[in-house]
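Reader: I would like a close look at the aromatic rings of this model and how they pair. After that, please go on to the sheet and a few of the helices.

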Amino acid sequence: MNYQETINWLFNQLPMYQLQGASAYKKDLTNTHLLIDHLDNPQKKLKCIHVAGTNGKGSTSHMLASIQQEAGYKVGLYTSPHLKDFRERIKINGFEISENFVCDFVNKHKAFFEANDMSFFEMTVGLAFDYFAKEKVDIAIIEVGMGGRLDATNIITPLVSVITNIGLDHTQFLGNTLEAIAFEKAGIIKPGVPVVIGEYTPETKAAFLAKANECHSDIYFASDLITETYFSDLIGDYQLHNKKTVLQTIAVLNAQKEFKIFHEDIKSGLLQVVKNTGLQGRWQQLGELPKIVCDTAHNKNGLEIVMNQIKKEKFEKLHIVLGVVNDKDLDEVLPLFPTNAIYYFCKPNIPRGLDAKTLQEEAQKHGLNGYVYNSVSEAYDSSKNNATKDDFIFIGGSTFVVAELPLNKGK
């Protein structure tokens, strides 16, 4: 199979949570262990940082990678989902895995995948570990896909575990309370491995402390410990918490003396995250006059911060291009959006995308008024045609909406 055929097979052959939802979610790690044994346990050849959390884990992972690249290390970075190309998920020093490696890996192991009903995510995790081991990276930053305890990435023993924060997201899988979700995220804490917590509440702190004590793991609460601030090219307000988490993680890593990361590495790494890693979609400006910003925030915690940031902008009129997936709790997220905006409702082009007309009808119940469009691009073009140079355009509601925008591709 060529690259496009290989990617089509990966997406179509087996369930994938991002596209299909609950039918793709597995309840244990049996298949993952079967896979890594088949691949000769490549994860055992890696030094890793494991990053979980409801929001911010992508930004945190990319910041960590950028800093370590600036320190001169060969850094593997595994994240999900991608925006434009599957290969964005697996990078070394900001460069995507080659099409040839993806094709060779899938073609070589395809019979095994089919015989054992491997999920999209399990195959992708196996691919990342195999690639990083063969390329002999110095360190790999591994982002959890969803949850933690039962996530396919949770077969590694990292140098440090990181949990950015806890919010009510993916409740159909992870639980309906902060304590229940914290329990799932805390599942990445390993015996004797230090853990850094970005943000916490009284409920989640108790869950983190209990798991850390059970594992005899040192635990660091970054929001309490870190006061020094650095500038970054990731400018969303929510990055303040992520930067604290990153700084505490680097401090823990330095204390282990396996890596040497200096002040200048941190400073330059945080200023060049986009350049070094190709990260996109985090309060990313796409245009000016009018100012156009997109963001992948899609749950209550993330959207709350983004909506507050919009309030700080100066504009004549506000235009919001909005699309969501069909398992989103609209009564939870729609009240966060401002009523003094013109809305352009659209459906992201995936099976889980919510019908734009349905979104419009639900939004009207919350005082949000606008028009229905046949696609994200049509809604986006209409917003630009209607806006004057003194207006502000925001595009978001789902990672999959941002993915359909004309973003500048990274490395």
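Author: What follows starts with the ring pairs and then moves to the sheet and to some buried helix residues. The model is a predicted one.

A search of the whole structure finds 17 aromatic pairs. A pair of aromatic rings is described by the distance of the centres and the angle of the planes. For Trp9 and Phe113 the centres are 6.5 Å apart and the planes stand at 25°, so this pair is stacked; the stacked class takes planes under 30 degrees apart. Trp9 belongs to helix α1 (residues 3–13) and Phe113 to helix α5 (residues 99–115), so the pair ties together parts that are 104 residues apart in sequence. Trp9 counts as buried because its relative accessibility is 9%. Phe113 is buried too, with a relative accessible area of 0%.

Phe113 also pairs with Phe105. Here the ring centres lie 5.8 Å apart and the planes are at 45°, so the pair is tilted. Phe105 has a relative accessibility of 4% and therefore counts as buried. Ring pairs join Trp9, Phe105, Phe112 and Phe113 in a cluster.

Two other rings have a charged group over them. Arg87 lies over the face of Tyr3, 5.8 Å from the ring centre. Over the ring of Phe221 sits the charged end of Lys205, at 4.9 Å from the centre.

The sheet comes next. Six strands form an open sheet in the order β9-β10-β14-β11-β12-β13, and the pairing is mixed. The edges are β9 (284–287) and β13 (370–372); each has a single partner strand, so one side of each is left without a neighbour in the sheet. From one strand to the next the twist averages 20°. Strands of a sheet pair through backbone hydrogen bonds, either parallel or antiparallel. Strand β12 (residues 341–345) and β13 run parallel and are joined by three bridges. Tyr344 stands opposite Tyr371, a residue of β13.

Two helices can be placed against these strands. Helix α16 (residues 356–364) packs on the sheet, where it touches β11 (318–322), β12 and β13. The direction of α16 makes about 160° with that of β13. Helix α17 (residues 376–386) lies across β9, β10 (291–294), β11, β12 and β14 (392–396). Relative to β11, α17 runs at about 175°.

Away from the sheet, Thr32 is found in helix α3 (residues 30–38). Thr32 counts as buried because its relative accessibility is 2%. Not counting residues up to four places away in sequence, Thr32 touches Glu122, Ala152 and Ile155. Between Thr32 and Ala387 there are 49 Å in space, C-alpha to C-alpha, and the two are 355 residues apart in sequence.

Helix α12 (residues 263–271) is the last part. Its buried residues include Asp265, Ile266, Ser268, Gly269 and Leu270. Among the elements that cover the buried residues of α12 are α4 (57–70), α11 (239–255) and α13 (273–277).

Note on methods:
Residues are numbered from 1 along each chain as its sequence is written. This is a predicted model: local features need pLDDT of at least 70, side-chain atom pairs count only at pLDDT 80 or more; totals for chains, interfaces and linings use all residues. Side-chain values use heavy atoms; hydrogens and water are left out. Rings of Phe, Tyr and Trp (its six-membered ring) pair if their centres lie within 6.5 Å; planes under 30 degrees apart count as stacked, over 60 as edge-to-face and the rest as tilted. Helices (H or I, at least four residues) and strands (E, at least two) are DSSP runs, numbered from the N terminus. Buried means under 20% relative accessible area, exposed over 50%, partly exposed in between (1.4 Å probe, protein chains only). A charge sits over a ring if NZ of Lys or CZ of Arg is within 6 Å of the ring centre and within 35 degrees of the ring normal. Two strands pair if DSSP finds at least two bridges between them. Axes are lines fitted to C-alpha atoms, for helices over the stretch in contact, and angles run from 0 to 180 degrees between N-to-C directions. Contact means heavy atoms within 4.5 Å.
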